[in-house]
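Biologist: I should be grateful for a close look at a single part of this protein, namely the open sheet and its edges. Please then set that part in the context of the rest of the chain.

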Amino acid sequence: MAEPALQWSLFDDVDTADAPAGALAPNAVVDAGRPGSAAQPERRVSFLHTADWQLGMTRKYLSADAQHAYTAARLDAVGRIGDLAASSGAQFVVVCGDVFEDHRVSARLITQTLDRLGEFTVPVYLLPGNHDPFDAAGVYRSETFRTRCPSNVTVLSKPGVVEVSDDAELVVAPWSHKAPLTDLVGAQVGQLDPTDRIRIVVGHGATDALSPGSAPSLVETGLLEQAFADQTIDYVALGDRHSVTQIGGSGRIWYSGAQEVTNFDNVEAEPGSVLAVTLTRGAGGSAVDVTPHRVGQWSFVSIRHDITSAADVADLEKRLDEIADKSRVVVQVALVGTISVVEHVELQRILETAADRFAAFRRWDAHDDLVVVADADDIDGFGLRGYAARAAEELVERAGGADADAVTARGALALLARLSARGGGEPT
């Protein structure tokens with residue numbers, strides 16, 4: 001076996017991690033032992049697998065106040081990971097890339113992150129990813145990080161094998177720049193010999209199983225599956241995908257997803273979790289148990305709602321009312337159908353109220369297809385007389401088209417509807 005590369009570490013001592021509770025159903029896999037393995041010692045290791053914290057991330061649809069709360073939530077979730085590490089008996093935590101959003105994050109955020117990590121009761125291993133590669137301008141080489149990094153935090157800056165206990169070692173594949181020209185994970189796994197120690201591969205990036213193509217940096221899953229069969233490795237901890245995702249049929253290749261949601265639920269199926277992993281190996285074979293634990297508190301919700309009547313408008317309001325914890329929910333809504341001017345007035349009231357209730361609220365333009373129509377029956381209920389009634393009739397005629405003039409006419413009718421509702425009759 002090639003001489004293992006030394007890890008780059010800010011401190012020699014390692015002792016870190018803690019995190020939250022709220023487990024989903026575990027995923028367990030047991031493999032039979034290899035022939036002639038009776039003398040193999042019993043090995044066991046438990047740890048937390050997380051990734052893609054992207055601390056410092058911004059979302060353009062959040063107001064300044066909501067962005068501040070979202071930034072704090074992403075950092076708070078890190079603290080809950082520390083709590084879970086302590087309560088679950090994890091021996092260490094691996095963060096598989098993209099700890100920080102980019103190299104421009106503030107010294108304040110770096111310091112606050114390191115303070116949180118210093119409170120972990122177990123070692124924490126940070127792998128540089130595509131957002132925070134270990135390059136000359138990177139976060140990990142900054143004076144703030146170097147001078148304030150606690151002793152229980154290790155940056156896995158050099159590829160190779162790192163011993164983490166008598167029973168286990170990490171096979172690490174960090175990013176040294178943003179555009180690797182090879183499969184970084186495969187390059188490390190391909191040079192390993194079998195061992196009776198438990199091996200955990202720590203990597204970052206897309207796999208050929210989910211992103212087929214010719215990109216040279218894609219992680220080759222077939223090579224990993226063969227390494228499991230050869231008992232060269234036991235588990236592959238990946239970052240880059242922001243939802244909890246199992247790759248292949250072995251039950252041993254996982255993306256942990258981000259610790260807090262980063263995109264809407266039509267894109268991210270299961271964000272906001274961390275994986276508690278237990279691996280065993282011995283004469284009787286090997287086994288893996290993976291249990292997701294929820295640590296995130298925010299939600300990005302997508303709503304598709306058909307509207308063809310006043311009852312449908314009322315149903316939308318009910319759907320929005322039933323969403324809990326609104327200050328930590330971002331909503332995008334796609335409305336499809338045809339409604340009258342009067343119904344549209346009520347709809348606008350509901351949407352304007354929602355904008356004040358949720359962390360953010362926006363129309364989902366890519367799927368929005370709502371048509372507002374006007375006819376003479378609409379203005380009968382306005383209680384208009386004289387000039388105002390004649391003007392409304394003219395607006396109805398103009399509102400039937402699809403050009404800018406029709407849009408303006410429908411807006412004017414909506415305003416008339418509001419004014420008549422407030423005044424109980426003809427606007428003055």
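**The open sheet and its surroundings**

Modeller: In this predicted model, the open sheet has 6 strands in the order S6-S7-S8-S9-S11-S10, and their pairing is mixed. The edges are formed by strand S6 (160-163) and strand S10 (245-247); each has a single partner strand, so one side of each is left without a neighbour in the sheet. On average, neighbouring strands of this sheet are turned by 25° against each other, with direction ignored. At the S10 edge, the partner is strand S11 (residues 253-255), and the two pair in the antiparallel sense over 3 bridges. Within that pairing, Gln246 has Trp254 in S11 as its bridge partner. In general, the strands of a sheet pair through backbone hydrogen bonds, in either a parallel or an antiparallel sense.

The wider chain gives this sheet its setting. The secondary structure of the protein chain comprises 10 helices and 17 strands. Of its 428 residues, 52% are buried. Among contacts between residues at least 6 apart in sequence, 77% join residues at least 24 apart. The accessible surface of the chain comes to about 18700 Å², and carbon and sulfur atoms account for 49% of that surface.

Parallel pairing is found at strand S15 (residues 329-340). In S15, 10 of the 12 residues are buried, so this strand is largely enclosed by the rest of the structure. Strand S14 (residues 299-307) runs parallel to S15 and is joined to it by 9 bridges; in this pair, Ile307 has Gly337 of S15 as its bridge partner. Helix H6 (residues 310-321) completes a right-handed β-α-β unit with S14 and S15. S15 also pairs in the parallel sense with strand S16 (residues 360-363), over 4 bridges, and there Val331 stands opposite Phe361. A right-handed β-α-β unit is likewise made by S15, helix H7 (residues 341-357) and S16. Strand S17 (residues 369-373) runs parallel to S15 as well, with 5 bridges between them, and Thr338 has Val371 in S17 as its bridge partner.

The nonpolar interior may be considered next. The largest nonpolar core holds 32 residues, and those that touch the most other members are Leu48, Trp53, Phe100, Leu117, Leu126, Tyr140 and Phe145. Elements that give two or more residues to this core are helix H1 (64-88), strand S3 (93-95), helix H2 (107-118), strand S4 (124-126), strand S5 (153-155) and strand S12 (273-282). The most is given by H1, with 5 residues. Apart from this core lies another, of 27 residues, which includes Ile307, Val333, Ile350 and Ala409. Ile307 is thus both a member of that second core and the bridge partner of Gly337 in S15.

Phe100 and Val105 offer a detailed view. Beyond four places in sequence, Phe100 touches residues including Gln54, Leu55, Val105, Ile110, Tyr140 and Phe145. Val105 lies in the loop between S3 and H2 and is buried, with a relative accessible area of 14%; the cut-off for a buried residue is under 20%. With neighbours within four places in sequence left aside, Val105 is in contact with Leu55, Gly56, Phe100, Ile110 and Val139. Val105 and Gln54 are 51 residues apart along the chain, and their C-alpha atoms are separated by 9.9 Å.

Definitions and conventions: Residues numbered from 1 in each chain as written. Predicted model: local features only at pLDDT ≥ 70, side-chain atom pairs only at ≥ 80, totals over all residues. Heavy atoms only, no water. Pairing = 2+ DSSP bridges. Axes fitted to C-alpha atoms, helices over the stretch in contact; angles between N-to-C directions. Buried < 20%, exposed > 50% of the residue type's maximum accessible area, 1.4 Å probe, protein only. Contact = heavy atoms within 4.5 Å. Areas by Shrake-Rupley, 256 points an atom, 1.4 Å probe, with all protein chains shown as cover. Right-handed = clockwise from strand over helix to strand, strands pointing away. Core = buried A, V, L, I, M, F, W, Y, C linked by side-chain atoms within 4.5 Å.
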